[in-house]
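Me: Please take a close look at a single part of this model and describe what surrounds it. Then carry on from there to the rest of the chain.

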Amino acid sequence: ARGGWILDCATGTGELALAAARQAGVTGRVLALDSCGPMLKEACDKARKAQTRLACIQARAERLPLRSEAVSAVTLSLALRHMDLKEALREISRVLLPGGRIALLEFLRPPPGAVSWVALAYLRWLVPPLAGLLAWSRAPWTLATYLPRTIEAGPSVPELVEAVEGAGLRVTLVKSLFAQVVWLVVAMKPPRRLGETVKR
């Protein structure tokens with residue numbers, strides 16, 4: 001729904017935050033948050049050039065400098081496996097309004113099987129040399145070799161779902177977007193019960 005605040009955690013260069021801002025309407029606001037100053041600056045510069053309203057703040061998702069129940073939606077893309085999973089989800093749940101939603105796009109450790117094995121083999125053996133060759137630089141190769149290691153060390157789908165529910169959120173969608181490696185997990189913060197008070 002339009003209106004309210006949308007929080008994009010670990011916004012990076014702001015692509016997802018800018019896309020959200022374009023859809024938020026005149027009453028909506030988007031807060032782009034990242035712990036990396038240079039990346040956050042790039043996101044803010046992009047927003048100014050595009051004449052898009054975007055509030056930027058440098059902070060970690062595990063310690064959000066926001067009051068409780070301050071935002072109506074949260075997005076977090078391809079960064080959760082680099083965070084303290086439980087702390088980040090607990091903070092996100094805290095700042096989310098009752099009835100608000102969170103969308104997580106993430107590389108997750110796949111279940112055993114031929115499809116996921118091929119996908120990881122592709123990421124491990126084909127992507128790094130192609131990245132280095134096309135970019136004529138070692139940096140993309142290094143980043144590409146790092147990716148499959150973080151996937152294998154990160155949470156599985158059941159572990160993420162358990163952590164999301166443990167933070168007091170209700171999972172409404174779990175969908176594989178690529179070879180059971182890239183996943184979209186959507187959850188909602190249950191509406192407040194009658195007489196329940198806000199924990200600050």
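Reply: A good place to begin is strand 7, where Val186 is the bridge partner of Ala103. The model is predicted, so to speak of local features a pLDDT of at least 70 is needed and side-chain atom pairs count only at pLDDT 80 or more, while totals for chains, interfaces and linings use all residues. Residues are numbered from 1 along each chain as its sequence is written, and side-chain values use heavy atoms, with hydrogens and water left out.

Strands (E, at least two residues) and helices (H or I, at least four) are DSSP runs numbered from the N terminus. Strand 7 covers residues 182–188, and six of its seven residues are buried, so the rest of the structure largely encloses this strand. Here buried means under 20% relative accessible area, exposed over 50%, and partly exposed in between (1.4 Å probe, protein chains only).

Strand 7 pairs with strand 5 (residues 96–107) in the antiparallel sense over seven bridges; two strands pair if DSSP finds at least two bridges between them. Strand 6 (residues 170–178) is also an antiparallel partner of strand 7, again over seven bridges. One of the contacts there joins Val174 to its bridge partner Val185 in strand 7. Strands 6 and 7 form a hairpin with three residues between them, and Ala179 in the turn has a positive phi of about 50°.

Two other positive phi values belong to residues other than glycine. Gln51 has a phi near 55° and sits in the loop between helix 2 (37–49) and strand 3 (55–58). With a relative accessible area of 76%, Gln51 is exposed. Glu69 also has a phi near 55°, and its place is in the loop between strand 3 and strand 4 (71–77). Glu69, however, counts as buried at 13% relative accessibility.

Helix 2 and strand 3 are also joined by a disulfide, a pair of cysteine sulfur atoms within 2.5 Å. Cys44 and Cys56 form this bond, with their sulfur atoms 2.1 Å apart. The pair links distant parts of the chain, since Cys44 lies in helix 2 and Cys56 in strand 3, 12 residues apart. Cys44 counts as buried at 15% relative accessibility, and Cys56 is partly exposed at 28%. By the rule above, the count comes to one disulfide. Of the other cysteines, Cys9 is buried at 0% and Cys36 is partly exposed at 28%.

Helix 2 holds a salt bridge too, meaning a side-chain nitrogen of Lys or Arg within 4 Å of a carboxyl oxygen of Asp or Glu. Lys41 and Asp45 meet in one at 2.9 Å, N to O, and both lie in helix 2, four residues apart, about one turn of the helix. Lys41 is exposed at 52%, whereas Asp45 is partly exposed at 22%.

A search of the whole structure finds nine salt bridges. Among them is one in helix 3 (residues 85–95), where Arg94 and Glu91 are three residues apart and therefore separated by about one helical turn. Their closest N and O atoms are 2.7 Å apart. Another joins Glu159 and Arg109 at 3.4 Å, N to O. This pair links distant parts of the chain, with Glu159 in helix 6 (residues 157–166) and Arg109 in the loop between strand 5 and helix 4, 50 residues apart. Salt bridges that share partners also join Lys41, Asp45 and Arg48 into one network.
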